[in-house]
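Let's take a walk through this one, looking at rings first and strands along the way. Have the viewer open and click along as you read.

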Amino acid sequence: MIMRYKSATQRRFEKIKSWQKKITDPCEIDKGYEGQYRMGLKRIKMKKFINAILYGLTIIIIITSGSVQAQTVVRGFVRDAVSKEPLQSVSVYVQDGKGVTTKDDGSYTYATMNPTAKNIKFSYVGYKTLSKTIIPNREQTMDVELVFSDAKNNVIVKSKRGKYSNKNNPAVDLIRKVIDNKSKNRVSSHNFVEYEQYEKMELSLTNKPEKLLKNKLLKNFTFVFDNVDTTKMEGKYLLPVYMTEKLSQKYYRKNPEKQKTYVLGEKQVNYGDFIDNNGIKSYLNRLYEDVDIYENNISLLTNQFLSPIADLSPTFYRFYITDTVENEGIKLIRLSFAPKNPTDLLFKGIMFITLDGNYSIQKINMSISKHANLNWVRDLQIKQDFEKGPDGRYHVISTNTATEFALAKNSGGGVVGERTVSFKNFKINTAQGEEVYAGAPVVTNISANNNNASDSFWMAHRHPQLTDIEARVYKNIDSLQNLRSYKRFTDIATLVLAGYKQAGPGYEVGPVSAFYSFNPVEGFRLRAGGRTTPNFNKSLYFENYLAYGFKDQKWKYFLSGTYSFNHTSVYAYPLNFLRLSYQYDTKIPGQELQFVQEDNFFLSFKRGNNDKWLYNNIFKAEYVRELAKNVSVTAGFKNWKQTPAGSIVYEKQHEGYVNSVPDVTTSELSAEIRWAPHEQFYQGKVYRIPIINKYPIFKLRYIAGIKGLAKGEYNYHNLNLNIGKRFYLSQLGYTDMTFEGGYIFGQVPFPLLAIHRANQTYSYQLNSYNMMNFMEFVSDHYAGVNVDHYFNGFFFNKVPLLKKLKLREVITGKILYGGVRSENDPNLVASTFKFPLDNKTNLPSTYALGTQPYVEVSAGIANIFKLVRVDVVKRLTYLNHPEVSQWGIRTRFKFDF
C-alpha cells in the first residue's frame, strides 16, 4: 500500500471542506462549524499572500546579488611621478569600455559590469600610458604615478636648472594672448551682471592636541575634539573649530560703474562674549579676499601675489605647454607655470586655456612655493573653475582658497583656513532699475538676522550642503558656551593675550602692561583701572583708572562715559556715540602713540634727557557719527589746563621783568571730517583697529580757541590736513606715504603751537620723528611727508645665503618743513612765552624750524625671527642742537605674514 504525503496546507484545506459540508446540514449549524470555516479561509488567503511576497523578495535578492558580484569597482589617486602633484583630467578606462577622468585632487572612481575586465589603463597626453591589472568583481584601491613620455620634456618642465628663454617660446606667446584678451574675459566687460554668491569660511586644527586635552582646564572639551574629518585633505586629520557662511545677491553695472551687494543671510559660530567673534570675522575677511585671476595682483594674507596672467608675468614666471585636451568640443591647452625665483610671492600650478579665439581661463589650480618669503604659512592653494556662459565667455563658478598655518614648517600641528565661494544663477546684460543700485554698496536685509537661526533657510539656499562634520561645528560650539570650565579658560586667555581680566559681569580690569611704569617726574608709578563691556550695557560704556606717583606723591585719574545711539556697541559700525571724559594726568608734549598706553612699562626706557612733562586737567565732550560711503564727522569741546613740570617753565617778560606763569587754560570747539573709502578694520568689542589697504584716508580738522569760555585765555584757529595712502608695487613691495600740513591763526604761546611728534624711546615709531627730542621743534605753520617702503625681500631673496632667512628690506624717509611767524616768536615778541632752556647747557632746547627742513632717513631689516624689525636711523639736519644724536638704532615688533 502506497502512502501519499500531504502538506499541511492540503490537510487544512480538506478539513475546511469537511466543515463546509457539515454547515450545509441544518442539524450541524449549532455546533459552530461556520465560524471555524470562515477563520480557516482567512488563514489560507494570508498564507498565499505571504508566500507571494517571499517569492518576489527572493527574486530581487538573487538579481541584486548577481549584479553586485558582476561589478568591478576601482578607486584611487593619480599623481605626477616627479612632483607628486595630483593630475587632473587623466583618462581612466578598460579596453573597449567607457572611462572616467580624474578630479581636481587626482581622485577617480571607476566601475564596470564587464566580467572580463582584467586591465585598467591611465592615459594623459604628454605622459606614458600606464596599464594595471585588476581583480574582476571586487572593490579595490589603486594609486598610480604617471611619468612623462619624453625624458627631455621632463627636465624642461620640472628642472630648475634647465635653460629657459621667453624668446621663441610658444608657451610665452600663448600667455601673451591670454593677457591681451583679459579685458574681454573678465566679468566687468559686460554692461550688466548679476549672480548669487555663497561663501563659507572654515578654520580647522590639523592635529588633535592630545597634550592640551590632558590639561585640567580642557578636560571637559573632548566632545569638540572628537569631530574629526579625515576625508578633506589626504593624510591630515582636520578638526573644524570655526565656521561662517554668507549668502548674497550681487549686481554690477558698467556705466556708470556701480557694484551692489544684498546680503540675504549670514551664519557664524559663536564662542560667546569672551571671544571677539566679529573681530575674527573681520580679520579673516582681510586675509581671504576675493580672488580674481584676471587682476595683475591677487591680495591674500595682507600681501600681494603677482597673478600668472599679469601684464608682467612673463618677466617673473616660467611657462610650459604640457598637454592638449578637449572638453565639450572645446580644445584646451594645459599650461604649467612656476616662479623664476621660488622665494618671491608668486604661484606655481597649471591652467587650462581655451583655443576658441577668446583665450579664456577654463580652470586653474595653483599654490605657493615652499621657499616663498611668507611667514607662518606651510601651504597655500587656490582652485578656480569656470563655466561657459550664453555669450561664449567663461565666468568663474567656484573658488577654493585653502591655507595651512603653522609656527614652523616642520611643526606637528597647525591650522587650516579654507574659504569656499560658489557662484550661480548668472544673468548677463539684464538691466535693473536704478533703485537696485541706489544707496550703500552693501545692504544687509532685515530678514538676514532671522536666517541666522533658520536651518530651513540654509538647507534651501546653500550651494554645496555642509557635511555632517561641518554641521556639528555649530552644535558643538553652542554646547561649549554653557560649560563653566570654558568660561574660566577664556578668561585666563583674555588676560594673557589682551591684558584684561574679567572682574564681575560686564567689567574688565587692565591693561596689565600699564599697572607699573616709571618716569623722571613721577618716579615709580602704579596704576589700576578697567573698562565695561557690552555685557554691562550695550548703549553705555565706561572706562576709568587711578594712578599714583611715588616721587611727586600725586594721584592721577581718568573717567569717561560713552553713550551709543546705535544700541549695539560703542565701536560697532556705524559709529554713533557721545562721549564725556575728565582726566588729570602727566604727559610728554609731542609724544603720540598708536594703540599703546603711554604709561606702558616697556616705553619707560628712554634715551637722552627726558625731563619735559606736563600735568594736564582735560575735560572733553565729543560726538562721533559715521555716515554713508565711509565718511565720519566729529564735533567736540575741550577745556584744557596744562601745568608745566620737569624742566619746562612758562615764563614771559613784562615791563622788563621775567614773570613765571603757573599754567595755561584753553577752551576749544572742534570739528573733523574723515573720509576712508573702502575702509577695512579689525572690529573688537570695545575698540577698532584700521587695516591698511590700497585706498587713501583723508582727515581735515578745525579747532577754534575761544577766550573767556570756561576760563579760556586765548583766541586762535587751527587747521590741519592729513592724507595717508598705501601704494602696492607688486613684486617691489609697497609704500606707505603720509602727508600732513597745518596752520595756526592768531597769537599764541609756544605750548599752543604744533609740537611735532618726537620719539625718545628705543622702539621705532612709524608716525614720529625717531631722532627728534621731545618738544625740540614747534611751528605755527608746517608741512611734512613720511615715506616708508617695504621691499618684502625683493633683493635678499636673490642672495643665496640670505634668502633662506627670509629677511625683508625697509627704507624710510621723513621730511618736515615749518616755522613760527614773528608774532609768535619769543625772540621778537617779549610778551609771549620764552622757549625752554636745557638744564645742563642753559641753551635753548625748543626751536622753530628755519628755512632748512628737518630730515631723517633709515634703512632696516625686517622679519628677523619673523617678528623683529631693526632700523639704523640717521638724522641729517639740525645736528648742532644740544643732546641730539646723529645715528640711532630702533627696533619694532610686528606680527606679519
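Before we look at any sheet, one ground rule: two strands count as paired if DSSP finds at least two bridges between them. Keep in mind, too, that what you're looking at is a predicted model.

With that rule in hand, go to the open sheet of four strands, which pair antiparallel in the order β3-β2-β5-β6. Its edges are β3 (100–101) and β6 (130–133), and each of those pairs on one side only. What joins β2 to β3? Strand β2, residues 91–94, is connected to β3 by two bridges, and the two strands run antiparallel. If you want a spot to click on, try V92: its bridge partner in β3 is V100.

Now slide along to strand β14 (residues 317–327) and strand β15 (residues 330–339). These also run antiparallel, here with 10 bridges between them. Together β14 and β15 make a hairpin, with two residues in between. N327 stands opposite I330 in β15. In the turn itself, have a look at E328, which has a positive phi of about 55°.

On to the rings. The structure holds 37 aromatic pairs, and a couple of them make nice examples. For Y251 and Y262, the ring centres are 5.9 Å apart and the planes sit at 90°; planes over 60 degrees apart count as edge-to-face, so that's what this pair is. Y251 belongs to strand β10 (residues 239–253) and Y262 to strand β11 (residues 258–268), so the pair links distant parts of the chain, 11 residues apart. Is Y251 buried or exposed? Its relative accessibility is 17%, and because anything under 20% counts as buried, Y251 is buried.

Compare that with Y548 and W555. Their ring centres are 4.8 Å apart with the planes at 50°, so this pair is tilted. Y548 has 22% relative accessibility and so counts as partly exposed, whereas W555 reaches 51% and therefore counts as exposed.

Some rings have charged company. R527 lies over the face of Y545, 4.0 Å from the ring centre. Over at W376, the charged end of K866 sits above the ring, 5.0 Å from its centre. W376 has aromatic partners as well: with F405, F895 and F897, W376 forms one aromatic cluster. That makes W376 a good place to stop and look around, with a lysine over its ring and a place in that cluster.

Conventions: Residues are numbered from 1 along each chain as its sequence is written. This is a predicted model: local features need pLDDT of at least 70, side-chain atom pairs count only at pLDDT 80 or more; totals for chains, interfaces and linings use all residues. Side-chain values use heavy atoms; hydrogens and water are left out. Rings of Phe, Tyr and Trp (its six-membered ring) pair if their centres lie within 6.5 Å; planes under 30 degrees apart count as stacked, over 60 as edge-to-face and the rest as tilted. Buried means under 20% relative accessible area, exposed over 50%, partly exposed in between (1.4 Å probe, protein chains only). A charge sits over a ring if NZ of Lys or CZ of Arg is within 6 Å of the ring centre and within 35 degrees of the ring normal.
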